[in-house]
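Please open the structure in a viewer and keep the selection tool at hand. The tour below proceeds stop by stop, stating at each one what to select and what is found there.

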Amino acid sequence: MGGAALLILFPLAAFTRLPAGRMDQELHHYNIGIVLDHGGEHEAAIAEFQKALSVHPQDSVLLFALANAYFRKGDLNAAKQNYLAALRVHPHHPDAAFNLGLIYFHEGDLEQAEEWFLKSDSLKKDQPDTHYLLSVIYRRKGLLEKSGEAKARALALGADPAMVERDPGPVIVR
């Protein structure tokens, strides 16, 4: 039985070994990019993510990480394009939807921000920051009852009571 198992497993191992090299290279650039991005070296991080994407251009995790680096760098247009690209590959990516909501929120486009926050909430329930930001949007739109409901939901989900009483300052991407 051991020989039969080897006959089956050897071709599988050989088959899976080829892409593993590609994945190792992609993972290497991704990991370096994450460290650089969190260290504030956004340009270098972007270069690493782009190297990883040259190996696997349709990877939603890489596209999301690249978008986050652009967001942290302050290039919101590039961030937006890469979040949208990540969502084209993986339409159920709640954090890409949330971060798009943040961009539109800070650009003052409350309709688009609301749409993306609601999409994020539909994909990843019970995130207090989503409901908090929706409460701010509804308050700014004059929908005070809706704002109160969203604020109450944020508090029920564990949001800091002091935080939900003020407008958001700088935000951190997910």
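**First stop: His-42**

Select His-42, which is buried because its relative accessible area of 17% is under 20%. Please note that the model is a predicted one. His-42 lies in helix α2. Now display the surroundings of His-42, leaving aside neighbours within four places in sequence: Asp-37, Ala-69, Arg-72 and Lys-73 are in contact with this residue.

**The whole chain**

Return to the full view and colour by secondary structure. The protein chain has 8 helices and 0 strands, and from the N terminus on its elements run α-α-α-α-α-α-α-α. Of the 174 residues in the chain, 40% are buried. Among contacts with a separation of 6 or more, 51% join residues 24 or more positions apart.

**Leu-66 in helix α3**

Select Leu-66 next, in helix α3. Is Leu-66 buried or exposed? Its relative accessible area is 4%, so Leu-66 counts as buried. Show the residues in contact with Leu-66 beyond four places in sequence: they are Ile-46, Phe-49, Gln-50, Leu-53 and Asn-82. For a distance check, pick the C-alpha atoms of Leu-66 and Glu-48; they are separated by 8.9 Å, although the two residues are 18 apart along the chain.

**The largest nonpolar core**

In soluble globular proteins, nonpolar side chains tend to be buried together. To inspect this model in that respect, select Tyr-83, Phe-105, Phe-117, Leu-133 and Ile-137. These residues touch the most other members of the largest nonpolar core, which has 43 residues. Which elements give two or more residues to this core? They are α2 (42-55), α3 (60-73), α4 (76-89), α5 (94-107), α6 (110-123), α7 (128-140) and α8 (144-156). The largest share, 9 residues, comes from α3.

Keep Phe-117 selected and expand to its contacts, again leaving aside neighbours within four places in sequence. Phe-117 is in contact with Phe-98, Gly-101, Leu-102 and Phe-105, and also with Thr-130, Leu-133, Leu-134 and Ile-137.

**Helices α5 and α6**

Two packed helices are described by the angle between their axes and the distance between the axes. Select α5 and α6 as a pair. The two helices pack at an angle of about 160°, with their axes 8 Å apart. Because this angle is over 145 degrees, α5 counts as roughly antiparallel to α6. The crossing in which α5 passes α6 is left-handed.

Now show side chains at the contact between the two helices. On the α5 side, select Pro-94, Ala-97, Phe-98, Leu-100, Gly-101, Leu-102, Tyr-104 and Phe-105. On the α6 side, select Leu-110, Gln-112, Ala-113, Trp-116, Phe-117, Lys-119, Ser-120 and Leu-123. Coloured by class, the contact of α5 with α6 shows 12 nonpolar, 3 polar and 1 charged residues.

From this contact, isolate Tyr-104, found in helix α5. With a relative accessible area of 12%, Tyr-104 is buried. Outside its neighbours within four places in sequence, Tyr-104 is in contact with Lys-80, Asp-109, Gln-112, Ala-113 and Trp-116. The C-alpha atoms of Tyr-104 and Lys-80 are 9.1 Å apart, and the two residues are 24 positions apart along the chain.

**Helices α7 and α8**

Move on to α7 and α8, which pack at an angle of about 165° with their axes 8 Å apart. This angle makes α7 roughly antiparallel to α8. Their crossing is left-handed.

At the contact, α7 supplies Pro-128, His-131, Tyr-132, Leu-134, Ser-135, Tyr-138 and Arg-139. From α8, select Leu-144, Lys-146, Ser-147, Ala-150, Lys-151, Arg-153 and Ala-154. How do the residues of this contact divide by class, and how many are nonpolar, polar and charged? There are 7 nonpolar, 3 polar and 4 charged residues in the contact of α7 with α8.

**Last stop: Ser-147**

Finish by selecting Ser-147 in helix α8. Ser-147 counts as buried, at 7% relative accessibility. Neighbours within four places in sequence aside, Ser-147 is in contact with Ser-135, Tyr-138 and Arg-139. Each of these three residues also belongs to the α7 side of the contact just visited.

Key:
Residues numbered from 1 in each chain as written. Predicted model: local features only at pLDDT ≥ 70, side-chain atom pairs only at ≥ 80, totals over all residues. Heavy atoms only, no water. Core = buried A, V, L, I, M, F, W, Y, C linked by side-chain atoms within 4.5 Å. Buried < 20%, exposed > 50% of the residue type's maximum accessible area, 1.4 Å probe, protein only. Helix = DSSP H or I, 4+ residues; strand = E, 2+ residues; numbered from the N terminus. Contact = heavy atoms within 4.5 Å. Axes fitted to C-alpha atoms, helices over the stretch in contact; angles between N-to-C directions. Parallel < 35°, antiparallel > 145°, perpendicular 65-115°, else oblique. Left-handed = near helix turned anticlockwise from the far one by under 90°. Nonpolar A, V, L, I, M, F, W, Y, C, P; charged D, E, K, R; others polar.
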